Amino acid sequence: MRYDLIIIGSGSVGSAAGYYATQAGLKVLMIDAHRPPHAEGSHHGDTRLIRHAYGEGERYVPLVLRAQTLWDELAKLTEERIFERTGIINLGPARSDFLANVEQSAKAFNLDVEKLDAAGIMARWPEIAVRTIISACLKPTPGSYTVKRPSKPGSILRKKRAALSSSTARWNPSLITLTALRSPLRTGEYSASRLLISAGTWVTRLLPDLPVQPVRKVFSWFPVGWPLQRTE
């Protein structure tokens, strides 16, 4: 069967790419080794932060602001409460390059950021005890997203009877070849004029010559009780 686009890896990136490609009128086949959502990729967990002023450098800011717009559109379309506008505080040494980059990126894109010293931090949040050498940048606009719901936009949109004309299939990594953009699956062979690989750490099996070294990053979520928890 012929498609306009085959996407290998249907996690956070792959599912979003499949959705927007479908919205653009493409016939899409989304392929995954498991049945999303699952715990074998990077899209599982409880929440994710979104930051506007970026300590890694201002070049990320346009991408993040665009992502914020798209998440807000998804929340409106699905009528799901996805985003919590909590604000984000970055703590670090007073001469931290990271905090300097946060300030610079905020200035470059006219983002709202408040700079605090240790005394200001502890006066506003007595639960936080910091040393005098610590400073912080408070960003009131960003917040966190609930991952378990938006990680599966296809099922959400189908529930709302929105048309999503992409197909999904499972694949065996040991059977995949990339010759002529053909993807042999358990149910047959499919081809497309375009191929997108968003397979996460599995990408090294598909493209062993690609100079990529997967790095494991561990996320932890801690239960928060009163008075820090959100109240209606």
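Here are some short exercises on this predicted model, each with a worked solution.

Local features need pLDDT of at least 70 and side-chain atom pairs count only at pLDDT 80 or more, while totals for chains, interfaces and linings use all residues. Residues are numbered from 1 along each chain as its sequence is written, and side-chain values use heavy atoms, with hydrogens and water left out.

**Exercise 1. Sort out the aromatic pairs.**

Task: Find how the rings of Tyr19 and Tyr20, and those of Tyr54 and Tyr60, are arranged.

Solution:
- Start with the rule: rings of Phe, Tyr and Trp (its six-membered ring) pair if their centres lie within 6.5 Å; planes under 30 degrees apart are stacked, over 60 edge-to-face, and the rest tilted.
- The structure holds 2 aromatic pairs. For Tyr19 and Tyr20, the centres are 4.8 Å apart and the planes stand at 70°, so call this one edge-to-face.
- For Tyr54 and Tyr60, you get 5.3 Å between centres and 35° between planes, so that pair is tilted.
- Now check burial (buried is under 20% relative accessible area, exposed over 50%, partly exposed in between, with a 1.4 Å probe and protein chains only). Tyr19 is buried at 12%, whereas Tyr20 is partly exposed at 35%. Likewise, Tyr54 is buried at 17% and Tyr60 partly exposed at 33%.
- Tyr54 has another partner: the charged end of Arg51 sits over its ring, 4.1 Å from the centre. That label needs NZ of Lys or CZ of Arg within 6 Å of the ring centre and within 35 degrees of the ring normal.

**Exercise 2. Place strand 2.**

Task: Work out how strand 2 (residues 28-32) is enclosed.

Solution:
- Helices (H or I, at least four residues) and strands (E, at least two) are DSSP runs, numbered from the N terminus.
- Of the 5 residues in strand 2, 5 are buried, so the rest of the structure largely encloses the strand.
- Val28, Met30 and Asp32 cover one side, and Leu29 and Ile31 the other.
- Strand 1 (residues 2-8) pairs with strand 2 in the parallel sense over 4 bridges; pairing takes at least two DSSP bridges. Ile6 stands opposite Leu29.

**Exercise 3. Read the faces of helix 2.**

Task: Which residues of helix 2 (residues 61-78) are buried, and where do they fall around the axis?

Solution:
- List the buried ones: Val61, Val64, Gln68, Leu74, Ala75 and Thr78.
- Looking down the axis, they fall within an arc of 140°, so they line one face of the helix. The arc uses directions from the helix axis to the C-beta atoms.
- On the other side, Leu63 and Lys76 are exposed.
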